[in-house]
Amino acid sequence: MTIAVVDSGGAAADSEAPAEEVAVAPTPAPGEEIAVRYKLPPKYGERPWIAVVPRFVPHNDVDEADQYDSSYEYIRAFPEGQMKLQAAARPGKFDVRMFTS
């Protein structure tokens, strides 16, 4: 499964939702690999990361996202690239979000 994450000023490739709320359709099976493509501007600083987090985690709350993420990767290729994440091991509603810490 592949999804796209872009800067929140734009839209995700196959979604009207902002990048921080990219919906994955169809919903991946628990533990399924998710291929993520991203493109971001320099404003994201030196250590941006993308994670699979439960939907109840408040947006832009890096500490809570870090506590609940089920899979994450630091962005290593700028300004665009791809990575692999894993869907959460348990069923539920999850988002793929970009963070700037």
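Which residues do ring pairs link into a cluster? In this predicted model, the cluster is made up of Trp-49, Tyr-72, Tyr-74 and Phe-99. These aromatic residues offer a friendly way into the structure, and the paragraphs below begin with the rings before turning to the nonpolar cores and the charged side chains.

The count of aromatic pairs comes to four. One of them brings together Phe-56 and Tyr-68, whose ring centres are 5.1 Å apart and whose planes stand at 80°, so the pair is edge-to-face. Phe-56 belongs to the loop between S3 and H1, while Tyr-68 belongs to helix H1, so this contact ties together parts that are twelve residues apart in sequence. Phe-56 is exposed, since its relative accessible area is 52% and the cut-off for that class is over 50%. Its partner Tyr-68 is partly exposed, at 31%. An edge-to-face arrangement is also found for Tyr-72 and Tyr-74, with 6.0 Å from centre to centre and 90° between the planes. Both of these tyrosines are partly exposed: Tyr-72 has a relative accessible area of 40%, and Tyr-74 has one of 28%. Tyr-74 has a charged companion as well, for Arg-47 lies over the face of its ring, 3.9 Å from the ring centre.

Attention now turns to the interior. In soluble globular proteins, nonpolar side chains tend to be buried together. Here, the largest nonpolar core has 15 residues, and the members that touch the most others are Tyr-38, Ile-50, Met-83 and Leu-85. Four strands each give two or more residues to this core: S2 (33-39), S3 (49-54), S5 (80-86) and S6 (94-99). Another core, of six residues, lies apart from it, and its members include Trp-49, Ala-51, Val-53 and Phe-99. Two of these names are already familiar, as Trp-49 and Phe-99 are also part of the aromatic cluster described at the start.

The charged side chains complete the picture. The structure holds three salt bridges. In one of them, the side chains of Arg-55 and Asp-95 meet at 2.9 Å, N to O. Arg-55 sits in the loop between S3 and helix H1 (62-68), whereas Asp-95 sits in strand S6, so the pair ties together parts that are 40 residues apart in sequence. The two partners differ in their surroundings: Arg-55 is partly exposed, at 40% relative accessible area, but Asp-95 is buried, at 2%.

Asp-95 takes part in a further salt bridge, this time with Arg-97, and the closest N and O atoms are again 2.9 Å apart. Arg-97 counts as buried because its relative accessibility is 1%, and the cut-off for buried is under 20%. Through shared partners, salt bridges join Arg-55, Asp-95 and Arg-97 into one network. The charged pair Asp-95 and Arg-97 thus brings together two residues that are both buried.

The remaining salt bridge joins the side chains of Glu-73 and Arg-76, at 4.0 Å from N to O. Glu-73 is partly exposed, with a relative accessible area of 31%, whereas Arg-76 is exposed, at 63%.

Terms used: Residues are numbered from 1 along each chain as its sequence is written. This is a predicted model: local features need pLDDT of at least 70, side-chain atom pairs count only at pLDDT 80 or more; totals for chains, interfaces and linings use all residues. Side-chain values use heavy atoms; hydrogens and water are left out. A nonpolar core is a set of buried Ala, Val, Leu, Ile, Met, Phe, Trp, Tyr and Cys residues joined through side-chain atoms within 4.5 Å. Buried means under 20% relative accessible area, exposed over 50%, partly exposed in between (1.4 Å probe, protein chains only). Rings of Phe, Tyr and Trp (its six-membered ring) pair if their centres lie within 6.5 Å; planes under 30 degrees apart count as stacked, over 60 as edge-to-face and the rest as tilted. A charge sits over a ring if NZ of Lys or CZ of Arg is within 6 Å of the ring centre and within 35 degrees of the ring normal.
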